[in-house]
Amino acid sequence: MARRRRLNWGPVLVILTVANIAFGLAYSPITSATRVRVEGAYASDKDRIAEAVQLIRRKPALRGGGQVMIEQIYRRADVRDVTFGQNLFRRGLVKVRYFAPVAQVVGMPRTILTAQGSICQTMEPIDGLPRLSWTPGGPTPTATLVERVESRKVADVCSRATSLKIAALEIVVLENGGVCLISGKTGRVLLGPPDNLDEKFETLDRILNSQPTVLAENKEVVLIVPEKPMVRPLGELKR
C-alpha cells in the first residue's frame, strides 16, 4: 500500500501570511496620506480641490481614495489632467493641469476654445482672449475626428494671431471653412483654409512689419495663396 504524502505547509503559510498582511494594509491608517500638497491649481479652484483632497486624508492608500479624489477634481470642465502620488512618508502630491484657452467663443458665456481644439467652459477670466465665431451653416467643432482636426487648426490660428497683437481681434470661421482675422471695423486678414499656416503667418508678419497701420486703413490682406499675397480695399466679407 502506497504511503500517503505529507502536505508541505511551508508555502501555504507564506501565502496566507502575505495575504493577511495585504488585507491588513488595505484597512490600516499607516498607509494613509497625512500631508497632501497641490500643484498647478488655479486660485479660483483651490477651495474645490481642497475639499476633494479630504477624501484621501486618513484613508488607507489601498482603499482607492486617490481615484475617487481624481474623479472629483475632473468634474470641472477645463481640467485637462490630474495625477496623484504618495511616498512612504505618507506625503501626497496632487498635480493639476488645465486646458490652455486660445479664444473665447461668441454667444456661449464663459466658453473657450482650447489649444487642443476642444470647447469647454471655464471659471477663469477670458476678457483678454480673441473672440471666435462661426458663420451660420459653417463648420463648428464637433465630435467627429475630421472636424476635431479642423478645430485644432482653428485653435492654432487663434494662438498665432494672438501673438501678432492685432487690435480688437475677432476670428471668424467662414461657411466654406476659411478663416478670417478681423481687426475692429478697419481691417481684416483673409487666410483661407487653415493650412500652410507657417507660410501664411510668416507672410503676414512681414506685411505688418513693413506696413504697421495697414489694418487701420480699411484694407484687407489676402493670404489664401501665401506666395502671392494681396492688399486691397476693404469690401463686404463674404461669409
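Colleague: Let's start with strand β8 (residues 169–173): how many of the 5 residues are buried?

Modeller: Keep in mind that this is a predicted model. In β8, 4 of the 5 residues are buried, so the strand is largely enclosed by the rest of the structure. Buried here means under 20% relative accessible area.

Colleague: Which strands does β8 pair with, and how do they run?

Modeller: The general idea comes before the case. Strands of a sheet pair through backbone hydrogen bonds, in either a parallel or an antiparallel way. For β8, strand β7 (residues 131–134) is a parallel partner, joined by 4 bridges. Strand β9 (residues 179–183) runs antiparallel to β8, with 5 bridges between them. If you want residues to click on, arginine 131 has glutamate 170 in β8 as its bridge partner, and isoleucine 171 is matched with leucine 181 in β9.

Colleague: And what about the turn in the hairpin of β8 and β9?

Modeller: There are 5 residues between those two strands, and glycine 177 takes a positive phi near 95° in that hairpin.

Colleague: Now the sheet with β1, β2 and β3. In what order do the strands lie?

Modeller: The order is β1-β3-β2, in an open sheet of 3 strands with mixed pairing. β1 (35–39) and β2 are the edge strands; each has a single partner, so one side of each has no neighbour in the sheet. On average, neighbouring strands here are turned by 15° against each other, direction ignored. Between β2 and strand β3 (residues 91–98) the run is antiparallel, with 7 bridges. Aspartate 81 sits opposite arginine 97 in β3.

Colleague: Where does tyrosine 74 lie, and what does it touch beyond its neighbours within four places in sequence?

Modeller: Tyrosine 74 is in the loop between α3 (65–73) and β2 (79–86). Its relative accessibility is 36%, so it counts as partly exposed. Leaving aside those close sequence neighbours, tyrosine 74 is in contact with Val79, Arg80, Asp81 and Val82. Isoleucine 49 is 25 residues away from tyrosine 74 in sequence, yet their C-alpha atoms are 9.8 Å apart.

Colleague: Last one: how do I read a pocket, and what lines the second largest pocket?

Modeller: Rolling a probe the size of a water molecule over the atoms shows where empty space is left. The second largest pocket comes out at about 180 Å³. It is lined by 13 residues, and Lys165, Ile166, Leu208, Pro212 and Leu215 are the closest to its centre. By type, the lining divides into 7 nonpolar, 4 polar and 2 charged residues. Helix α5 (residues 197–210) gives the most to that lining, with 3 residues.

Technical notes: Residues numbered from 1 in each chain as written. Predicted model: local features only at pLDDT ≥ 70, side-chain atom pairs only at ≥ 80, totals over all residues. Heavy atoms only, no water. 1 Å grid on protein atoms, 1.4 Å probe; cavity = no way out; pocket = protein on both sides within 12 Å on 5 of 7 lines; lining within 4 Å. Points joined across faces, edges and corners; volume = space filled by probe spheres on them. Nonpolar A, V, L, I, M, F, W, Y, C, P; charged D, E, K, R; others polar. Buried < 20%, exposed > 50% of the residue type's maximum accessible area, 1.4 Å probe, protein only. Contact = heavy atoms within 4.5 Å. Pairing = 2+ DSSP bridges. Axes fitted to C-alpha atoms, helices over the stretch in contact; angles between N-to-C directions.
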